[in-house]
Amino acid sequence: MHRRLIAPGALAASLVLLAIPASAADFSPGAPGAGDPYYPDAGNGGYDVSHYDLRLKYQPKTDLLEGTATLQATATQNLSRFNLDFGLKVSEVRVNGKKAAFARTGEQELEVTPKAGLTKGSSLSVVVKYAGKPSEVKIHGFTAWQRTPDGGVAAQEPESSAWWFPGNDHPRDKATYDVSVSVPDGTQAISNGVLQSQSSKLGWTRYNWRSNKPQATYLATLAVGKFDITTDKTENGLPVLNAYSKDLGDNAGAARASIERTTEVAEWLEEVFGKYPFNALGGYVPNVPASYALETQTRPFYGQRAFANGSNVSIVVHELAHQWYGDSVSVDGWKDIWVNEGFARYSQWLWSEKEGEGTAQELADYVYAQNAADSPFWQVKPGDPGPDNQFHIAVYDRGALALQALRNEIGDKSFFKILKGWPQERAYGNATVRDFVSYAEKVSGKPLSGLFDTWLYQVGKPGAPAARDAGVARAAGKAAPVKPKSWKKIAATNTVHDHEHAGEHGSGRDRH
């Protein structure tokens, strides 16, 4: 072994360096955002959350929410302080058992300064005590909390957690959840995952929910109100829980006729996407004046107006498809929204194919034909639509066109192998559009960047040669595509994430 000789002077200097205590290491603040260009103040840097424990009490009559949130996290740098995304009034913060200083900055930042610096790799236990009325808190001019006649609901995208619990509000930082909620007797509290237990004492009932797989903050949900609840189990033993507000009026029957098919739809999706990734199934419909839906993990939210024109199983297909594409495999950044929405829309096309109401090819032909070359539809790039167009119809329909083009290019065997393999390969993680393109190339053995560039990144309607190559342009002299039978039901879900119209308070940043 070769030993390097150290000169006496150098040895003395090195000993001095070794004598510097760890407390003198460089500590710096965590970033006030996760670095997402679409939403610069969303999320935070410097730590990674592994678990949220939320112990809450909610009074429907006054909209008062009281809470103690305990976050288990790990420092990803030497931290002098860190931020949480939160809007309610905070009374105390403790870090690793010791009181910490805190202050509000910006639109949604709770800035926490612990007693001493936190070294990279060290564990953090952060306890935040708070109270307030979520519907009165405005961040970027809106509230994501909607009051109902008998309670309140948190369900929004891309942000909703800051109105009811403090956290790292970006999909890149996923965690498990225990949500314990105390509400007046006769009122229920619905959240993600499995209901572990409930108990009543002194006029209050406490519901304890557990979501045991990684979950993005915007996919955490809470609904308080008076519900009719149905329960079941799948053939594999997964608990199914659906909840319907007792005052849905004329929409009640259609809502039930749709959502009670959740188990059936999920079992079919398992054939397409592989094993269901979570510990529970279900859905809920509160009495909020909304027509949108959201893929809140294990238990999607459905606005009652989504069923104003009758039952629509297609919307259930869309939200349950997100459990694989969007929930288990989440966006790395919000510009990657296509890895959520393109696949959820395409699942509706596959359901139409299964039901004999129009094949995916017929739907692709119809979408291509009905959108003229000068339509704004072709000006949005699904692979990077920009924050103002994040939920534009092009992300859905042009996004699904890209998948049909892929299917035609590589054949059904490789295509469905990719649809099933991708959620397994990336389970419980995050991914970019480019990650999916690379995966599709690996599985199919074909270069595909040009195809995806045409359908996801180019402005303008793909010309006839490219469209014909992708199998979505009619040949010269052929009659225009006939509208598929399923089109009306699918089109009725076009506002599925049009969150601006969710309620009297508004419901999101300027996006749809």
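## Sheets and helix pairs in a predicted model

Eight strands make up an open sheet with mixed pairing, in the order β5-β4-β8-β2-β1-β11-β14-β13. At its edges stand β5 (98-99) and β13, each of which pairs on one side only. Keep in mind that this is a predicted model, so everything below is read off predicted coordinates.

Let's walk through part of that sheet. Strand β1 (residues 47-59) runs parallel to β11, and seven bridges hold the pairing. If you want a spot to look at, take Asp53, whose bridge partner in β11 is Asp178. Moving along the order, β11 (residues 175-184) is joined to β14 (residues 204-215) by nine bridges, and this time the strands run antiparallel. Here Pro184 sits opposite Trp204 of β14. Then comes the edge: β13 (residues 194-201) is antiparallel to β14, with seven bridges between them, and Gln198 has Tyr207 of β14 as its bridge partner.

As background, strands in a sheet pair through backbone hydrogen bonds, in either the parallel or the antiparallel sense. Here are the strand pairs, including one from the other sheet described below.

| Strand pair | Sense | Bridges | One residue pair |
|---|---|---|---|
| β1 and β11 | parallel | seven | Asp53 and Asp178 |
| β11 and β14 | antiparallel | nine | Pro184 and Trp204 |
| β13 and β14 | antiparallel | seven | Gln198 and Tyr207 |
| β12 and β15 | antiparallel | four | Ser191 and Leu222 |

What is unusual about the backbone in the hairpin of β13 and β14? Two residues lie between the strands, and Leu202 takes a positive phi near 55°. Leu202 belongs to the loop between β13 and β14, and it has this positive phi although it is not a glycine. Most residues other than glycine have a negative phi, and most peptide bonds are trans. The second half of that rule has an exception here too: a cis peptide bond, with omega about 10°, joins Glu157 and Pro158. Pro158 falls in the loop between β10 (151-154) and β11.

Now for the other sheet. Four strands form an open, antiparallel sheet in the order β9-β10-β15-β12. Why is one side of β9 and of β12 left without a neighbour in the sheet? Both β9 (145-148) and β12 (188-191) are edge strands with a single partner strand each, so one side of each stays unpaired in the sheet. From one strand to the next, the twist averages 20°. At the β12 end, four bridges pair β12 with β15 (residues 222-225) in the antiparallel sense, and Ser191 has Leu222 as its bridge partner in β15.

How does this fit with the record? UniProt, in an unreviewed entry, places "domain: Aminopeptidase N-like N-terminal" at residues 50-219. Across residues 50-219 the chain is 57% strand and 0% helix, with the end C-alpha atoms 15 Å apart. The same kind of source, again an unreviewed UniProt entry, annotates "domain: Peptidase M1 membrane alanine aminopeptidase" at residues 311-455. Residues 311-455 are 61% helix and 3% strand, and their end C-alpha atoms are 32 Å apart.

On to the helices. Two packed helices are described by the angle between their axes and the distance between the axes.

Start with α4 (residues 313-321) and α5 (residues 338-355), which pack at about 140° with their axes 8 Å apart. The two helices are therefore oblique to each other, and their crossing is right-handed. On the α4 side the contact uses Val313, Ser314, Val317, His318 and Ala321, while α5 brings Glu341, Ala344, Arg345, Ser347, Gln348 and Trp351. Sorted by class, this contact of α4 with α5 has five nonpolar, four polar and two charged residues.

Next, look at α8 (residues 412-425) and α9 (residues 433-444): their axes come within 10 Å and cross at roughly 130°. How are α8 and α9 oriented to each other, parallel or oblique? They are oblique, and α8 passes α9 in a right-handed crossing. From α8 the contact takes in Ser414, Lys417, Ile418, Gly421, Trp422 and Glu425, which meet Asp435, Phe436, Tyr439, Ala440, Lys442, Val443 and Ser444 of α9. Of the residues in the contact of α8 with α9, six are nonpolar, three polar and four charged.

Note on methods:
Residues are numbered from 1 along each chain as its sequence is written. This is a predicted model: local features need pLDDT of at least 70, side-chain atom pairs count only at pLDDT 80 or more; totals for chains, interfaces and linings use all residues. Side-chain values use heavy atoms; hydrogens and water are left out. Two strands pair if DSSP finds at least two bridges between them. Axes are lines fitted to C-alpha atoms, for helices over the stretch in contact, and angles run from 0 to 180 degrees between N-to-C directions. UniProt positions are given in the numbering used here, feature names are shortened, and annotations may be inferred rather than shown by experiment. Angles under 35 degrees count as roughly parallel, over 145 as roughly antiparallel, 65 to 115 as roughly perpendicular and the rest as oblique. A crossing is left-handed if the near helix is turned anticlockwise from the far one by less than a right angle, and right-handed if clockwise. Contact means heavy atoms within 4.5 Å. Ala, Val, Leu, Ile, Met, Phe, Trp, Tyr, Cys and Pro count as nonpolar, Asp, Glu, Lys and Arg as charged, and the others, Gly among them, as polar.
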